[in-house]
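Me: Could you take a close look at one part of this structure for me, the way its helices pack against each other? I'd enjoy a connected walk through the geometry and the residues involved.

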Amino acid sequence: MELDEFWGVIDAARSDVDGEIGQDGEALAKALTARLGSLPADGRTAFGQIFAQVSTAALRWDLYAAAYLIGGGCDLGGFEDFRFGLIATGEAWYAKALADPDALAGHPVVAEAADWDDDSAIYAELVGDAVAEACGVELRNQGEPVGERPEVDNDLIMRARLPRLAALFLGWPANEGCRC
């Protein structure tokens, strides 16, 4: 299986659920399970291996910082669920987030989550669990993130590193007011 085919399976499953991944990725997990069930065994194995590679490529501290803001806090297990959900958003958003984690502020689900104070945006633990089971791959405990570990509890640093996400989830700095 090539990377384009991998993203095609993700897109087809997203289409099956009209782009709504569901709570914790439940709807997409079911759609992916059905799609993966129609693949031959070697196709499922290849899909699982690519999913693991794509998840590992997102195992970075800068993306962890984004997950921390979006989730109102995040441990490494939650960061796994965030990466599974990031993959579930599809190739375009995955690529945007890897190029610039702050770009996630423009994702409609993230913006809506900020409005509704929903700390589960983009997190999709059930997607990863479904892929692991259907494909026979281990997707949990892939290691420590790479890069420079951010001081996620320091609002000033987070505002400097991820200004758009910080504006959504931390609010505007004192004495700045709304920039509406």
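Reply:

**How the helices pack**

Helices α3 and α5 lie roughly perpendicular to each other. Happy to walk you through this; please keep in mind that the model is predicted. The axes of α3 (residues 41–57) and α5 (residues 76–88) come within 10 Å and cross at roughly 115 degrees. An angle from 65 to 115 degrees counts as roughly perpendicular, and that is why this pair gets the label. As for the hand, α3 passes α5 in a right-handed crossing. On the α3 side, the residues involved are F51, V54 and S55, and they meet R83, F84 and I87 of α5. Sorted by class, this contact holds four nonpolar residues, one polar and one charged.

Now let's turn to another pair, nearer the start of the chain numbering: α1 (residues 3–16) and α2 (residues 26–37). Here the axes come within 9 Å, with a crossing of roughly 125 degrees. That angle falls outside the ranges for parallel, antiparallel and perpendicular, so α1 and α2 count as oblique to each other. The crossing of α1 past α2 is right-handed. From α1, the contact draws on V9, I10, A12, A13, R14 and D16, while α2 brings L28, A31, L32, R35 and L36. Eight of these residues are nonpolar and three are charged, with no polar residue in the contact of α1 with α2.

Next comes helix α4, spanning residues 61–71, which is mostly covered: 10 of its 11 residues are buried. The buried ones are W61, L63, Y64, A65, A66, A67, Y68, L69, I70 and G71. What do they pack against? The partners of these buried residues are α5, α6 (91–99), α7, α9 (155–161) and α10 (163–169). So α5, which meets α3 through R83, F84 and I87, is also one of the helices packed against the buried residues of α4. Just after α4 comes G72, with a positive phi near 65 degrees.

Helix α7, another of those partners of α4, runs over residues 108–116 and includes W116. Is W116 buried or exposed? W116 has a relative accessible area of 69%, and therefore counts as exposed, whereas the tryptophan of α4, W61, is buried. To place W116 relative to α1, you can use D11: the two residues are 105 apart along the chain, and their C-alpha atoms are separated by 27 Å.

Terms used:
Residues numbered from 1 in each chain as written. Predicted model: local features only at pLDDT ≥ 70, side-chain atom pairs only at ≥ 80, totals over all residues. Heavy atoms only, no water. Helix = DSSP H or I, 4+ residues; strand = E, 2+ residues; numbered from the N terminus. Buried < 20%, exposed > 50% of the residue type's maximum accessible area, 1.4 Å probe, protein only. Axes fitted to C-alpha atoms, helices over the stretch in contact; angles between N-to-C directions. Parallel < 35°, antiparallel > 145°, perpendicular 65-115°, else oblique. Left-handed = near helix turned anticlockwise from the far one by under 90°. Contact = heavy atoms within 4.5 Å. Nonpolar A, V, L, I, M, F, W, Y, C, P; charged D, E, K, R; others polar.
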